[in-house]
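Me: I would like to learn how to read the contacts and the symmetry of a model such as this one. Could we go through it feature by feature?

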2 protein chains.
Amino acid sequence: MQIIERYQIEQALDLPGIYHALKQGFIDFSAGLVTVPPVGHLGFDNPPGDCHIKYGWIKGDPHFVIKISSGFYDNPKQGLPSSTGMILVFSATTGVPVALLNDEGLLTDIRTALAGVLATETMSRPDSRIAGIVGTGIQAHLLINYLARLSRFDRFVVWGRNREKLARCVDNLQAKGLDVVAEPELEQLCADVDSILTVTPSEIPLLKRGWIKPGTHITAIGADAEGKQELDVEILAAAERVVADSRSQGCHHGEISHAYKAGILTENNILELGELLNSEKSFVRNPEAISVVDLTGVAVQDIVIAKSVYRAVSKTV
Amino acid sequence: MQIIERYQIEQALDLPGIYHALKQGFIDFSAGLVTVPPVGHLGFDNPPGDCHIKYGWIKGDPHFVIKISSGFYDNPKQGLPSSTGMILVFSATTGVPVALLNDEGLLTDIRTALAGVLATETMSRPDSRIAGIVGTGIQAHLLINYLARLSRFDRFVVWGRNREKLARCVDNLQAKGLDVVAEPELEQLCADVDSILTVTPSEIPLLKRGWIKPGTHITAIGADAEGKQELDVEILAAAERVVADSRSQGCHHGEISHAYKAGILTENNILELGELLNSEKSFVRNPEAISVVDLTGVAVQDIVIAKSVYRAVSKTV
């Protein structure tokens, strides 16, 4: 078994290649070609923490993948990151482990941001060039970098609750030559852009229905577990199209779950991203419609990115 | 994260220490002190194979453990062992991985055999010194070695379907100075001993009710998955005491499941090994009674053995 460390993973990353493979991964997932058992979970109270095991296999693939990730929210008090993780790659013909990607959660951050780019590029108005980013953490940084590199978006407006963090986030991105401005009022951000990506750990809705103008697309990424919510359910009620990465997962947690449990949405109203990406004719949106993609994260993303990194590192060894 | 290879594990093994800790592990498990989520599973058809993820945490413990094991039954055609595995040890206060035990399944074999010794030592007649072993594989070897080392048993009778394998198995054990004889007739083995351990992958009952004399104890280890069976259900029907390592798991697979599904046993008739080990007065058996322990393997065994090895190796580094 090859142990692949984080610095090797960083060197081997082929972002455009992974982005392309992710698109196919979502298509395969929605076509039922991916075996994805229920997520394993262990919870801890004192200190509070979680461990999740996501695993799966794209049918016919030479490898299967198991990702173990944990989040312990008191870690920063000890100078440790709150989340960490690793991905294991196994032969699907012998069961032998072939690689351990000791990525410390890096690949989860990357595959999450790349799915955000893919969803936004697919769903937003074709003439949309300015993206509004709600949040100032790692996901905000990655999203802006990847949108600039991989999508048609070339200008970014960022909102954050904490003014200091917002200024620091924008400074960092500007220093990389990116066209980024801070917007301290979330309502104003919603007025200024027609593509919004939300990446906060909020547990109360941040975006209000009244602020969302016709033609807006929203990709909601922050609410990846029960209890989290970034969007007013009325936004989902008003949306012409509501899309999930995984329909079944979206109905249990994420933005969609709140609307689903309130009876505002049924499973029939929810498309999957992979279905949309697989449709023969490309998605044509009503220019005045509101659309929402809710991303909760599915194991096929981990499978795709782990395989890509493993292959790239193996080639260079 | 420390990578601990198989040769380091072999050097660090403290069998008596693990045996003692396993006893406490079963007690903790039956007392509800161990978080053991459902086993994760991925299945493969071509070639046929399985991957299982067993994981859990003894409440209050500084570490939690995830074991990944796989079985691909065509592997020997390629010169590979059919099963392999690894165990990961994580901090239960930060989620950080601290060790990967690259044991290739060794610790699963050992903890399984040690549980067999513990169950047989606890349940069989106190005057029983001769054990009958049904099977000639790795488990048979380990059981005889460990029974000789850790229990009151000092003479062994072995049965195997394949005469050649049976002879080889007995020769190997005799070469180690152990008092072992081959018995080619299973009915005769049942007549000769009053403690029997079954460790075959059989899918049809091998031991018949009529062969089991009063006072016999049977520890059934082979049937660890659906479809496997070593004992005639009538043996369980006739048993004064039927014990499982895990009541809920026993009712789903293992020997007990066959009797449970046939309505011969209810959950109320089944004791757990940890309950028995925890009882204030030691278990007193009716000398003429038949008893059965059915071991299907529980994650607490993996937790206990992984922790023991991790601590021993860490001390020597």
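Reply: We begin with what a contact is: two residues are in contact if their C-beta atoms, placed from the backbone, lie within 7 Å. Please keep in mind throughout that this is a predicted model.

Me: With that cut-off, how many residues of domain 1 of chain A are in contact with domain 2 of chain A?

Reply: The domain assignment of chain A gives domain 1 as 2-107 together with 300-316, and domain 2 as 120-298. Under that assignment, 12 residues of domain 1 of chain A are in contact with 12 residues of domain 2 of chain A, while the centres of the two domains, taken over C-alpha atoms, are separated by 24 Å.

Me: Which elements give two or more residues to the side of domain 1 of chain A that touches domain 2 of chain A?

Reply: They are helix 2 (15-30) and helix 11 (299-316) of chain A, and helix 2 of chain A gives the most, with eight residues. By class, this side of domain 1 of chain A divides into nine nonpolar residues, two polar and one charged.

Me: How is chain B related to chain A?

Reply: A turn of 180° with a shift of 0.0 Å along the axis lays chain B on chain A with an RMSD of 0.0 Å, which is the relation of a two-fold axis. Of the residues of chain B, B:Gly40 comes closest to that rotation axis, its C-alpha lying at 3.5 Å.

Me: What does each chain bring to the contact between chain B and chain A?

Reply: The contact takes 34 residues from chain B and 34 residues from chain A. Strand 5 (63-72) of chain B is one of the elements that give two or more residues to the side of chain B that touches chain A, and its six residues are the largest share of that side. The classes there are 22 nonpolar, 12 polar and no charged residues. Since 100% of the interface residues of chain B are also interface residues in chain A, the copies meet through the same surface.

Me: Which residues of helix 5 of chain B are buried, and which are exposed?

Reply: B:Cys169, B:Val170 and B:Leu173 are buried, and they cover an arc of only 95° around the axis, which puts them on the same side of helix 5 of chain B. On the other side of this helix, B:Glu164, B:Asp171 and B:Ala175 are exposed. What covers the buried residues includes helix 4 (138-150), strand 9 (155-159) and strand 10 (180-182) of chain B.

Terms used. Residues are numbered from 1 along each chain as its sequence is written. Chains are lettered from A and ligands numbered from 1 in the order in which they are written. This is a predicted model: local features need pLDDT of at least 70, side-chain atom pairs count only at pLDDT 80 or more; totals for chains, interfaces and linings use all residues. Copies are superposed by least squares on the C-alpha atoms of residues with pLDDT of at least 70 in both. Helices (H or I, at least four residues) and strands (E, at least two) are DSSP runs, numbered from the N terminus. Ala, Val, Leu, Ile, Met, Phe, Trp, Tyr, Cys and Pro count as nonpolar, Asp, Glu, Lys and Arg as charged, and the others, Gly among them, as polar. Domain bounds come from an automatic or database domain assignment. A residue is buried if 20 or more other C-beta atoms lie within 10 Å of its own, exposed if 12 or fewer, and partly exposed in between; C-beta atoms are placed from the backbone. The arc is that of the directions from the helix axis to the C-beta atoms.
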